[in-house]
Amino acid sequence: MRIFSAPDTHETVVVMRGEIDYDCEEACQSSLTHALSGSARGIAIDLSKVTFFACSSVKILLAVRRLALQQGKTISLRATSPAAHRVLELSGILHHFATTPAPPP
C-alpha cells in the first residue's frame, strides 16, 4: 500500500495493489484509517492495481467511509481495476463513493 499527497489536487491518495482478501483486511483498514486521520479533507483510494478484491473486503471501505463521514471528510475512488469494480458494483456500494479520475501515468 502506498500513501502520498497528490500535488495536482492536494489530496491524500492511498494506492492499494495486489490481492485484497481476508488475510490483509486488518492491515488495509488500519492503513486507510491512518491515512484518513492524517488528511485534512479526506482520501482518494486508487484500486487500479488490485488483482483480486474479496467480497468480504467491502466492509473495509464501508467502515472507513463511515469514519470519514463522522469526521466531516470525504472518501473517493480514484480508479478501480476490473476485479475491484465488479465486486463494488455487485455489492451495490459503488454509488456510495465519489469517483475522481486518476492522472495519466
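**Reading a predicted model: cysteines, a salt bridge and a core**

Mentor: The count of disulfides comes to zero, and since this is a predicted model, we read that count from the modelled atoms.

Trainee: How far from Cys-28 is the nearest cysteine sulfur, and which residue does that sulfur belong to?

Mentor: A disulfide is a covalent bond between the sulfur atoms of two cysteines. Here the sulfur nearest to Cys-28 is that of Cys-24, at 3.8 Å, and Cys-28 is in no disulfide, because the rule asks for a pair of cysteine sulfur atoms within 2.5 Å.

Trainee: Is Cys-28 buried or exposed, and is Cys-55 buried or exposed?

Mentor: Cys-28 is buried, its relative accessible area being 4%, whereas Cys-55 counts as exposed, with a relative accessibility of 62%.

Trainee: Let us turn to charged side chains. How many salt bridges are there, and which side chains meet?

Mentor: Side chains of opposite charge can pair when their charged atoms come close. In this model the count comes to one salt bridge, in which the side chains of Lys-59 and Glu-25 meet at 3.4 Å, N to O. Lys-59 lies in helix α2 and Glu-25 in helix α1, so the pair ties together parts that are 34 residues apart in sequence. As for accessibility, Lys-59 is partly exposed at 47%, while Glu-25, at 5%, counts as buried.

Trainee: What should I look at in helix α2 itself, and which of its residues are buried?

Mentor: One can set the span of a helix beside its expected value: α2 has 13 residues and reaches 19 Å from its first C-alpha to its last, close to the 18 Å expected at 1.5 Å a residue. Its buried residues are Val-58, Ile-60, Leu-61, Ala-63, Val-64 and Ala-68, and what covers them includes α1, β3, β4 and α3. After the helix comes Gly-72, whose phi is positive, near 70°.

Trainee: Which residues touch the most other members of the largest nonpolar core, and which elements each supply at least two of its residues?

Mentor: That core has 26 residues, and those touching the most other members are Met-16, Leu-32, Ile-43, Ile-45, Leu-47, Phe-53 and Leu-88. At least two residues of this core come from each of β2 (11-20), α1 (25-37), β3 (42-53), α2 (58-70), β4 (74-80) and α3 (82-91).

Trainee: What does Ile-43 touch, once residues up to four places away in sequence are not counted?

Mentor: With those set aside, Ile-43 touches Thr-12, Val-14, Leu-32, Ala-35, Leu-36, Val-64, Thr-74, Ile-75 and Ser-76. Among these contacts, Val-64 is one of the buried residues of α2, and Leu-32 is named with Ile-43 in the list of core residues touching the most other members.

Notes:
Residues are numbered from 1 along each chain as its sequence is written. This is a predicted model: local features need pLDDT of at least 70, side-chain atom pairs count only at pLDDT 80 or more; totals for chains, interfaces and linings use all residues. Side-chain values use heavy atoms; hydrogens and water are left out. A nonpolar core is a set of buried Ala, Val, Leu, Ile, Met, Phe, Trp, Tyr and Cys residues joined through side-chain atoms within 4.5 Å. Buried means under 20% relative accessible area, exposed over 50%, partly exposed in between (1.4 Å probe, protein chains only). Helices (H or I, at least four residues) and strands (E, at least two) are DSSP runs, numbered from the N terminus. Contact means heavy atoms within 4.5 Å. The expected span of a helix is 1.5 Å times one less than its number of residues. A salt bridge is a side-chain nitrogen of Lys or Arg within 4 Å of a carboxyl oxygen of Asp or Glu.
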